[in-house]
Every structure is written in structure tokens, then in C-alpha cells.
Amino acid sequence: KMIDQGIRKYSRGEDTGRKEYQRKMSHLLTTFKLKDENHLLMALGYDQITLESVMIEVFGAAAVNTRGKRNKRERDDEFVLSAKSSIYPDFSQQSSSNLNKSGIIVGQERNILLKFCKNCNPLMGEKIRGVVTQGKGVQIHRLGCMYLLEADNERIVDVQWDEDKSNIRLRPVRLQVLCEDTPGVLADMSRAISSLGINIGNVNLRRLPNGRGLARLQVMVGNLEDLEKVMAHLRKEEGILSV
């Protein structure tokens, strides 16, 4: 599919372009030191060579540079296609239940393998970008994440939250709460969170030397709005100093 896309984009006609691609096959395999066309397609899928480099060998640099001024959406779609082919060679045969259940649209696709960056752990409602990884799908980052800032610009794709909230999977978010070290403060925090229908896990309270306590807890939320509600409820509790 990537080759077909390149032929349509860079040739003067699809039939003519396909014939030129086949005519240059021997040259392509020699240039990229590959055994056959299947190995060429695999190298493209695993991002070992770029589509542009192949098209330059077929149609020449001038033709590719002239016709290669694409908008952001077209570049993103090509990267998404590359990610699909490298992760799932027979992508069309994969069950959507094994793919994206996290409420993210990548390019124009909903069913594509992705993962969230563990450093920034973005929630629905926050501004995000995706980075195409080699063989591991698209990684989702919050804007400003250090790993997004360090990523290759050519691998960054536009992503957006799916408005269909039924696709949103609950994910763990860590909270740190500074509080007065008084009896029942941890129970009050748990009650405030549970009243919102939010599940809690991994709670611990450490006593500080100044008569205060530091609570660390994990809540399961699906979007930024729910997280902000949890934090607001905690701040209203007596003895809570900061969240």
C-alpha cells in the first residue's frame, strides 16, 4: 500500500508509474542491498528505508521534490500506514478489540495500536501529540512532555481524543496530598473520592516531622475533568493543605 501511495503521489500517471517502478526493481534492490521485492516492502514497513528514498530512485529527485510538498494530514496518514504495516502485516485481519480502546484517533484511524507515555500519562481533555515508534505503534504524549520535545519531528503525528466516551479506558493517576497528621484524615480522603464513584488503590500515608502527613494514592480516572473533580473534593476536606 505504501508503494501504491508513492506511485500515485509522485508519478505522472498510476499505470505509467507502476511500470516504471517494476522496470527499476533491479536497480532498487541493488541500491538498497535487498534480496527481492518482499524484502523491499518489509524494509519500508519497518522504517529501515523511507518511501521518499525509494521514489527518488524510481522517478528522480526532481519529480519527488516537486510533488512531495504535502500537507500535515497526508504525512500523518503515511506514518500511520507505516506503523500499521510494521506492527500488523495483515492489519485488516486484526480484531479491533486487540487495538485501540483508549479513545484516541490517530490521523483518521481509530483502530491502531498505541500506548501512553508513562512520563506524562495524558488524560482525555489535555492537549496531545503522537510519536510513531518502530514496531510498537504510536506513543501518546501530553504537550510539553520532555520525550515529545526530544522526538524526531518527522515521527510526530497529529492525534485527537475520540468524542465517543465509551472508548475511554480508565487509567491510574498518582496523587500526592499534604495534610494535617490527625486521626481519620485518610478515611476522609477515601470517602471524598469514593463519593464521586472513583476507585482508589495503593494508598499510603507517611508522617512528617512537622506534625503533617504526606499521602500518596492512586485513582482510576478516564479524563481530566474527573481528575479535577477529585482534586477539588479533596481540597474541601478539613485538614487538607495541598493536592
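Which residues touch the most other members of the largest nonpolar core? In this predicted model, they are Leu175, Met189, Val219, Leu227 and Leu234, in a core of 19 residues. The report below starts from that core and then turns to the sheets, an aromatic pair and two loop residues.

## Overall composition

The protein contains 10 helices and 10 strands. It has 243 residues, of which 42% count as buried. Among contacts with a sequence separation of 6 or more, 62% are between residues 24 or more positions apart.

## The nonpolar cores

In soluble globular proteins, nonpolar side chains tend to be buried together. The core of 19 residues named above is the largest nonpolar core here. Two strands and two helices each give it two or more residues: β7 (171-180), β9 (212-221), α9 (185-194) and α10 (224-236).

Met189 shows how such a core residue is surrounded. Beyond its neighbours within four places in sequence, Met189 is in contact with Val177, Cys179, Ala215, Leu234 and Ile240.

There is also a second, separate core, which has 18 residues. Its members include Leu28, Leu40, Leu44 and Phe59.

## The antiparallel sheet and its helices

An open sheet is formed by four strands in the order β8-β9-β7-β10, with antiparallel pairing. The edges are held by β8 (200-207) and β10 (240-242); each has a single partner strand, so one side of each is left without a neighbour in the sheet. On average, neighbouring strands of this sheet are turned by 30° against each other, direction ignored.

The antiparallel strands β7 and β9 are joined by 10 bridges. Arg171 has Val221 in β9 as its bridge partner. Two helices pack on this sheet. Helix α9 touches β7, β8, β9 and β10, and its direction makes about 155° with that of β8. Helix α10 touches β7, β9 and β10, and its direction makes about 15° with that of β7.

Strands β7 and β10 also pair in the antiparallel sense, over two bridges. The table lists residues that stand opposite each other in the two sheets of this report.

| Residue | Opposite residue | Strand of the opposite residue |
|---|---|---|
| Arg171 | Val221 | β9 |
| Cys179 | Gly213 | β9 |
| Leu178 | Ser242 | β10 |
| Val131 | Ile156 | β5 |

In a regular strand the side chains alternate between the two faces of the sheet.

## The mixed sheet

Another open sheet of four strands has the order β2-β4-β3-β5, and its pairing is mixed. Its edge strands are β2 and β5 (156-157), each of which pairs on one side only. Strands β3 and β5 run antiparallel and are joined by two bridges. One residue pair across them is Val131 with Ile156 in β5.

## One aromatic pair

How many aromatic pairs does a search of the whole structure find? The search finds one. Its rings belong to Phe116 and Trp161; their centres are 6.2 Å apart and their planes stand at 15°, so the pair is stacked. Planes under 30 degrees apart count as stacked.

The pair links distant parts of the chain, with Phe116 in strand β2 (residues 114-116) and Trp161 in strand β6 (residues 159-161), 45 residues apart. Both Phe116 and Trp161 are buried. In addition, the charged end of Arg171 sits over the ring of Phe116, 3.9 Å from the centre of that ring. Arg171 is thus a residue with two roles in this description, since Val221 in β9 is also its bridge partner.## Two loop residues

Is Thr133 buried or exposed? Thr133 lies in the loop between β3 (128-132) and β4 (138-142). Its relative accessible area is 18%, and a residue counts as buried under 20%, so Thr133 is buried. Leaving out residues up to four places away in sequence, Thr133 touches Gln139 and Arg155.

Asn223 is found in another loop, between β9 and α10. With a relative accessibility of 13%, Asn223 counts as buried. Not counting residues up to four places away in sequence, Asn223 touches Leu123 and Met124. Asn223 and Gly125 are 98 residues apart in sequence, yet their C-alpha atoms are 6.2 Å apart in space.

How values were computed
Residues numbered from 1 in each chain as written. Predicted model: local features only at pLDDT ≥ 70, side-chain atom pairs only at ≥ 80, totals over all residues. Heavy atoms only, no water. Core = buried A, V, L, I, M, F, W, Y, C linked by side-chain atoms within 4.5 Å. Buried < 20%, exposed > 50% of the residue type's maximum accessible area, 1.4 Å probe, protein only. Contact = heavy atoms within 4.5 Å. Pairing = 2+ DSSP bridges. Axes fitted to C-alpha atoms, helices over the stretch in contact; angles between N-to-C directions. Phe/Tyr/Trp six-rings, centres within 6.5 Å; stacked < 30°, edge-to-face > 60°. Lys NZ or Arg CZ within 6 Å of the ring centre and 35° of its normal.
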